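Reader: I am new to this structure and would like to be led through a few of its residues with care. Could we look at the sequence and the model together?

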Amino acid sequence: MDTTSNGTTTTLWNQTILINRTELRSRIVMPPMATNQSVAGHVEPAHIEHYRARAANGELGLIITEHLAPTAVGRLTATQLSIADDDDVEGLAELVAVIHGTSPGIKVFAQLNHAGAMALSPDRVAPSAGDLGKGPARALTVGEIEAIEVAFVASAMRAKAAGYDGVEIHSAHGYLLNQFLSPLTNHRDDAYGSRSCGSRLRIHLETVAAIRDAVGEDYPVAVRLGGCDYLEGGNTIADAVEAAQLLEAAGVDLLDLSGGICRYTREGHTEPGYFGDMSRAVKEAVDVPVLVTGGVQTLGQAEDLLQEGVADLIGIGRALLHDPHLA
């Protein structure tokens, strides 16, 4: 806790913060965690009750709902929620309305995620041909890359129509956009290829620019960035900093730091904020807010990370999954 001039102490976690022009009432975030309860991509009653219970937690400033597939072939599982069609908007709107209604003042972002080489579809696509564990994937053509960018934009517009307060583009945990970013999975030799961080990030920058044009200047756009792979030959913390600066320049309002090809865990680390070395480096290099998730179980741990300058916002994930009333 900080000490003020009159000797009183203040906490950081319950202070407000702006994402673009949207104010969050606290620095505590529920990050996206798949519930795998969907049938045919639709919102089910189980989703409604799951998020209703967690929205009732008055400590949360932001809920980022579980990943939504912007295309049918980009779905990770048969139970993943969809935002690929206009028919998906009605169910998502009900979900957002329940969260807002349960806890007025809480904000809700939609995470958009294409699984790429990890998709359920037998026609798996990736930056480069290969197999990341789900079966063979083929390399995308430039025309197909452009079509995926269009799908992300259309999905962002559906999220806005559904009442979401912002959108987050998922480029972490080894999914499609992260596959482009990592030199471990991107071996292209064209403009989207592996020669530099900027070229590997090109699909992100084009998507962010197009989404920004579509949703307007005031609508928050975040990126979940798997900036460091923590694997030999992969992206380093220096690469994460460069990518974050490019994304900020492109108009991103929030950088949500997590693991890259290593996914959401880090070998040999279980301490609160185990991606904190990356998030601290990024926070020192950009002006937009930085969020970090990983290993945080309590508000006390979140407060410590904020006091140490590791990030501007802290995600508490699995602890909230197990106990929605966590305080």
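Author: What follows is a short set of questions and answers on two residues and their surroundings. The model is predicted, so that local features need pLDDT of at least 70 and side-chain atom pairs count only at pLDDT 80 or more, while totals for chains, interfaces and linings use all residues. Residues are numbered from 1 along each chain as its sequence is written, and side-chain values use heavy atoms, with hydrogens and water left out.

Reader: Is Ala-151 buried or exposed?
Author: Ala-151 lies in helix α3, which covers residues 142–161; helices here are DSSP runs of H or I with at least four residues, numbered from the N terminus. Buried means under 20% relative accessible area, exposed over 50% and partly exposed in between, with a 1.4 Å probe and protein chains only. Since its relative accessible area is 15%, Ala-151 is buried.

Reader: Which residues is Ala-151 in contact with, leaving aside its neighbours within four places in sequence?
Author: Contact means heavy atoms within 4.5 Å. The C-alpha atoms of Ala-151 and Ala-69 are separated by 9.6 Å, although the two residues are 82 residues apart along the chain. With neighbours within four places in sequence left aside, the residues in contact with Ala-151 are Pro-70 and Thr-71.

Reader: What separates the C-alpha atoms of Glu-90 and Ala-162?
Author: Glu-90 is found in helix α2, made of residues 89–102, and is exposed, because its relative accessible area is 66%. Along the chain, Glu-90 and Ala-162 are 72 residues apart, yet their C-alpha atoms are separated by 6.9 Å.

Conventions
Helices (H or I, at least four residues) and strands (E, at least two) are DSSP runs, numbered from the N terminus.
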